[in-house]
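Please look through the model shown below with its strands and its charged side chains in mind. The paragraphs that follow go from strand pairing to salt bridges, and then to the accessibility of the residues involved.

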Amino acid sequence: MATFLTAILALAAMVCAAPIPKYVTRQRTHPARAAGLRMINSDVKPNSYLVKMAASANATDHVTWANQLVANSTATNATGVVAYSHALTGYSAELDDDKVTQLLASPDVEWVEEDGMMYTLGTQTGATWGLQRISSALGLISNSDPTALTYTYRFNPDAGEGVDVYVIDTGVLVTHSEFGGRAKMVYTTPGLNQTDDNGHGSHVSGTVGGATFGVAKNVNILGVKVIAADGSGSSSDIIAGIDFCIQAAQTSGHPSVITMSIGGSKSAAVDSAATSAIAAGVHVIAAAGNDAEDTANDSPASAPGVIAVGSMNILDQVSSFSNFGSTVTVFAPGEQVVSCGISSNTATAILSGTSQATPHIAGIVALLLSEASNLTPSQMFGLIQQLGVSGQLSAVPASTTNTIAQNFVANTTIPQF
């Protein structure tokens, strides 16, 4: 371990998954919206917008004015904007078309974007083979059962100690036996239940740090609920969650990771929030997406500096549903993954998707941070690529990495930058 730590400090891981529908045809008749508004190529939260202020704007004066626009709007009962402190130099606002026109005309505004919807990624089918695969450079035999809990995982027993992982998702069943008191809910979008009423977030959390299913078995799991029970949440809610995480990480002083097994169509606002987190020293991991398309079309996975994770199966094949392209950083196990369920404190569930691949990487990042807490997000991005095993994946789309994630135990030597 000392050799690893010294080397690190010297550098400065479904049989079939159905794609989630993302595209809808909507009527946009207001001429000002077509002229100046950034459109989102997906479902949107009605009458809700994300606003980035210009660098030259007087923030106090502009927000006071914007609050008046919201208060006078006929769109909703909102009385003011929701301002962000860290993730985006701007705010979200609920406005009617006339007020949007005024906003677009303001010299204080750099851009206005529709508040797009984001969704959990992955569909349930019926282990943790993934843990073995990320700790061994050798693939599994062809008749291996992905739902069996009979595999061997090699890891540092202290993996993840002292590291906070913010799971931006549907919440976490914090009482689940897998977490042993290490999980808690720290943020919930107003109006949502303060627990996991979907199951997606708890499953993700179990892969990050569960006692049986987890990569980093000593990590702190911090639930950030921005996704409702139906698996959807708005971009503004995602940004508010990221904003909370940045501030919480700065307050705690702990090495911190954000993992997002969620995604939607390309959004400058969501991408900006993700890169703000990275600039603040928080490591950000996101699911590449389940639409068998280029990840460049999705947020937050395509944001600069984000570790974007594609899915592979037990046969070392890129999953048929996985997104691809040059913005995918690494592949990890994402089919028929066994982790926590929510029907009881000992329940299990089997899910598939890039949502399930992503927490394998979040766990590896937490593991590495517990050994070398001063690694920057940029250094970690490179290290994840360097530690991976190359050339073993099949069915790899063009212009896509052929790299399977590995924790450092799988390597006889630690790569140098």
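In this predicted model, Val44 stands opposite Gly116, a residue of strand β4. That position belongs to the pairing of strand β1, which covers residues 44-53, with strand β4, which covers residues 109-120; the two run in the antiparallel sense and are joined over six bridges.

Strand β1 has a further partner in strand β3, made up of residues 90-94, and here too the pairing is antiparallel, this time over five bridges. To find this pairing in the structure, one can start from Tyr49, which has Ala93 of β3 opposite it.

From the strands we can turn to the charged side chains. How many salt bridges does the structure hold? There are five salt bridges in the model, and three of them are followed here, beginning with one between the strands just described.

Lys45 and Glu94 form a salt bridge in which the closest N and O atoms are 3.8 Å apart. Because Lys45 lies in strand β1 while Glu94 lies in strand β3, this pair ties together parts that are 49 residues apart in sequence. With a relative accessibility of 25%, Lys45 counts as partly exposed, and Glu94, whose relative accessible area is 23%, is partly exposed as well; buried would require a value under 20%.

A second salt bridge brings together the side chains of Asp197 and Lys225, with a distance of 2.9 Å from N to O. Asp197 is found in the loop between β7 (183-188) and α6 (200-209), whereas Lys225 belongs to strand β8 (residues 220-225), and the pair therefore ties together parts that are 28 residues apart in sequence. Are the two partners buried or partly exposed? Asp197 has a relative accessibility of 29% and so counts as partly exposed, while Lys225, with a relative accessible area of 0%, is buried.

The third salt bridge to consider joins Lys266 to Asp271, and in this pair the closest N and O atoms lie 2.7 Å apart. Lys266 has a relative accessibility of 38%, which places this lysine among the partly exposed residues. Asp271, by contrast, has a relative accessibility of 7% and therefore counts as buried. In this pair, then, the lysine is the partly exposed partner and the aspartate the buried one, whereas in the bridge between Asp197 and Lys225 the aspartate is partly exposed and the lysine is buried.

Technical notes: Residues numbered from 1 in each chain as written. Predicted model: local features only at pLDDT ≥ 70, side-chain atom pairs only at ≥ 80, totals over all residues. Heavy atoms only, no water. Pairing = 2+ DSSP bridges. Helix = DSSP H or I, 4+ residues; strand = E, 2+ residues; numbered from the N terminus. Salt bridge = Lys/Arg side-chain N within 4 Å of Asp/Glu carboxyl O. Buried < 20%, exposed > 50% of the residue type's maximum accessible area, 1.4 Å probe, protein only.
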